[in-house]
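Please open the model in your viewer and keep the sequence panel beside it, so that you can select residues by number as you read.

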Amino acid sequence: MEAQKAAYTAELNALMIGAAPGNEGRSADDLVAYAARVDRHHATLALFAAASLRQRIGDIEAASRIYHQIADDSAIESDLRDLATVRLGYLALDQAKPEPLIPRLAPIAGKAGPWRYSAKEAIALLTAKAGQRDIAATMLQEVADDPGAPSDLAARARALAELYR
């Protein structure tokens, strides 16, 4: 079992090294194929990497599909599913109608998990995109004022709250 994990890790590392500029699309496809035949831990890492590569080259639809695959897989740890949902929230900012993602983000924003502040920020940004800038400003100010929020996220939330006022 340990030898298999080591082999999976070595293969994943090789795939990641091969994800050089100009080769992102093929690398993403290779990572998805790899994810289909390895254990769920390695598969999850590979899927996150593939989605990130797809996003990097502007293939938002493919990145969204991969993040949905992660977020909807109950066999994956909830914190990782939440991260995929948060990433979907940020991707939705580029969509014409991003509001449908807000209900998916709300439970993450409301719990004490590691992605709650990012989920709150994503909800605020989606709210602003929907034209409710005053509500978004209030939400962002709440994040900025929360002493538990990571400092970089709080600073960004503060700046965005000012922008939306």
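The stops below go from helices to single residues and pairs of side chains.

Before selecting anything, note that this is a predicted model, in which local features need pLDDT of at least 70 and side-chain atom pairs count only at pLDDT 80 or more, while totals for chains, interfaces and linings use all residues. Residues are numbered from 1 along each chain as its sequence is written, and side-chain values use heavy atoms, with hydrogens and water left out.

**Stop 1: helix H1**

Select residues 2-17, which make up helix H1; helices here are DSSP runs of H or I with at least four residues, numbered from the N terminus. At 1.5 Å a residue, the 16 residues of H1 should span 22 Å, and the C-alpha atoms at its ends are indeed 22 Å apart; the expected span is 1.5 Å times one less than the number of residues.

Now colour Tyr8, Leu12 and Leu15, the buried residues of H1, where buried means under 20% relative accessible area, exposed means over 50%, and partly exposed lies in between (1.4 Å probe, protein chains only). Looking down the axis of H1, you will find these buried residues within an arc of 60°, so they line one face of the helix; the arc is that of the directions from the helix axis to the C-beta atoms. An α-helix has 3.6 residues a turn, so residues three or four places apart point the same way. The buried residues of H1 pack against H2 and H3, with contact taken as heavy atoms within 4.5 Å. On the other side of H1, select Glu2, Ala3 and Ile17, which are exposed.

**Stop 2: helix H2 and Glu24**

Move on to residues 24-35, which form helix H2. The buried residues of H2 are Glu24, Gly25, Ser27, Ala28, Leu31, Tyr34 and Ala35, and what covers them includes helix H1 and helix H3, the latter running over residues 40-56.

Which side chain of opposite charge is nearest to Glu24? It is Arg56, 4.2 Å away, and Glu24 is buried yet has no salt bridge; a salt bridge is a side-chain nitrogen of Lys or Arg within 4 Å of a carboxyl oxygen of Asp or Glu. For charge, Lys and Arg count as positive and Asp and Glu as negative, whereas His and the chain ends are not counted. If residues up to four places away in sequence are set aside, Glu24 touches Leu53, Arg56 and Ile57.

**Stop 3: salt bridges**

The structure holds nine salt bridges. Select Asp29 and Arg54, whose side chains meet in one of them at 2.6 Å, N to O. Asp29 lies in helix H2 and Arg54 in helix H3, so this pair ties together parts that are 25 residues apart in sequence. Asp29 is partly exposed, with a relative accessible area of 45%, whereas Arg54 counts as buried at 13%.

Add Asp59 to the selection, and you will see a salt bridge between Asp59 and Arg54, with the closest N and O atoms 3.5 Å apart. Asp29, Arg54 and Asp59 are thus linked in a network of salt bridges.

Next select Arg156 and Glu121, whose side chains also meet in a salt bridge, at 2.5 Å, N to O. Arg156 lies in helix H9 (residues 151-164) and Glu121 in helix H7 (residues 116-129), so the pair ties together parts that are 35 residues apart in sequence.

**Stop 4: an aromatic pair**

The structure holds one aromatic pair. It is formed by Phe48 and Tyr67 and is tilted, at 6.1 Å centre to centre and 55° between the planes. Rings of Phe, Tyr and Trp (its six-membered ring) pair if their centres lie within 6.5 Å, and planes under 30 degrees apart count as stacked, over 60 as edge-to-face and the rest as tilted. Phe48 is in helix H3 and Tyr67 in helix H4 (residues 60-71), and the pair links these distant parts of the chain, 19 residues apart. Both Phe48 and Tyr67 are buried.

**Stop 5: Gly89**

Finally, select Gly89 in helix H5 (residues 78-92). Is Gly89 buried or exposed? At 0% relative accessibility, Gly89 counts as buried, and, leaving out residues up to four places away in sequence, Gly89 touches Leu101, Leu105 and Leu126.

Methods. Helices (H or I, at least four residues) and strands (E, at least two) are DSSP runs, numbered from the N terminus.
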